[in-house]
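Q: I would like a close look at one part of this protein, namely its charged side chains and how they pair. Please take it step by step.

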Amino acid sequence: MKIYIASTFRTDEQRLNVLRAAQIIDSIPQGSLGLSEDGISIRCEEKISAVVPMEFKVPRAWEIPNKEWANIVMRNDIDSISACDAVVLLYYGDHGATQPGTCFECGYAFAKGIPVIGVAMTREPVSLMLGSA
């Protein structure tokens with residue numbers, strides 16, 4: 001089972017939180033409870049592993065136009081989400097801290113029927129759309 005971590009990672013704290021979430025996900029023992037397609041818990045017999053998009057590096061990124069780089073990153077994110085069983089959203093609020101790309105990732109997962117599990121990283125109220133995913 002693969003779990004994609006959707007998060008803003010502009011600050012050191014946000015990057016550290018992504019790595020912490022990956023560590024927690026990667027430490028879940030095989031045979032623990034997982035998610036079925038309808039969101040009901042089932043026993044997961046396979047290893048659970050985190051997919052961390054901030055670890056993706058575009059080869060020779062500085063040599064290609066920004067738009068091309070952005071398309072490569074977006075395609076990688078879409079392909080990675082499509083290959084996952086769930087998405088964990090580290091949510092930093094609506095007022096600029098949670099980036100549009102993170103919201104896009106969650107919307108894409110929702111549209112594909114991939115469960116989105118939100119983790120509030122702030123006391124700010126959660127967006128109605130993200131809260132409903």
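Is D12 buried, partly exposed or exposed, and what is its relative accessibility?

A: In this predicted model, D12 counts as exposed, because its relative accessibility is 61% and the exposed class begins over 50%. The side chain of D12 meets that of R15 in a salt bridge, with a distance of 2.4 Å from N to O. Both residues belong to helix 1, which covers residues 12–26, and they are three residues apart, about one turn of the helix. R15 has a relative accessible area of 29% and is therefore partly exposed.

Side chains of opposite charge can pair when their charged atoms come close. The count for this model comes to three salt bridges, and the pair of D12 and R15 is one of them.

Another pair within a helix is that of R75 and D79, whose closest N and O atoms are 3.1 Å apart. These two residues lie in helix 2, four residues apart, which is again about one turn of the helix. R75 counts as partly exposed at 46% relative accessibility, and D79 is likewise partly exposed, at 42%.

The salt bridge between E63 and R60 has its closest N and O atoms 3.2 Å apart. R60 sits in the loop between strand 4 (49–51) and helix 2 (66–82), and its phi is near 55 degrees, a positive value in a residue other than glycine. With a relative accessible area of 60%, R60 is exposed, and E63 is exposed as well.

To place these pairs in the fold, the protein has four helices and six strands, which follow one another from the N terminus in the order β-α-β-β-β-α-β-α-β-α. Of the 133 residues, 37% are buried, while the protein exposes about 8400 Å², of which carbon and sulfur atoms supply 58%. Among contacts between residues at least 6 apart in sequence, 69% join residues at least 24 apart.

As for covalent links between cysteines, a search of the whole structure finds zero disulfides. The sulfur of C103 has its closest cysteine sulfur in C106, at 6.7 Å, and this is too far for a bond because a disulfide needs the two sulfur atoms within 2.5 Å. C103 is partly exposed, at 31% relative accessibility, whereas C106 is buried, at 1%.

Methods. Residues are numbered from 1 along each chain as its sequence is written. This is a predicted model: local features need pLDDT of at least 70, side-chain atom pairs count only at pLDDT 80 or more; totals for chains, interfaces and linings use all residues. Side-chain values use heavy atoms; hydrogens and water are left out. Buried means under 20% relative accessible area, exposed over 50%, partly exposed in between (1.4 Å probe, protein chains only). Contact means heavy atoms within 4.5 Å. Accessible areas come from the Shrake-Rupley method with a 1.4 Å probe; for residues, only the protein chains shown count as cover. A salt bridge is a side-chain nitrogen of Lys or Arg within 4 Å of a carboxyl oxygen of Asp or Glu.
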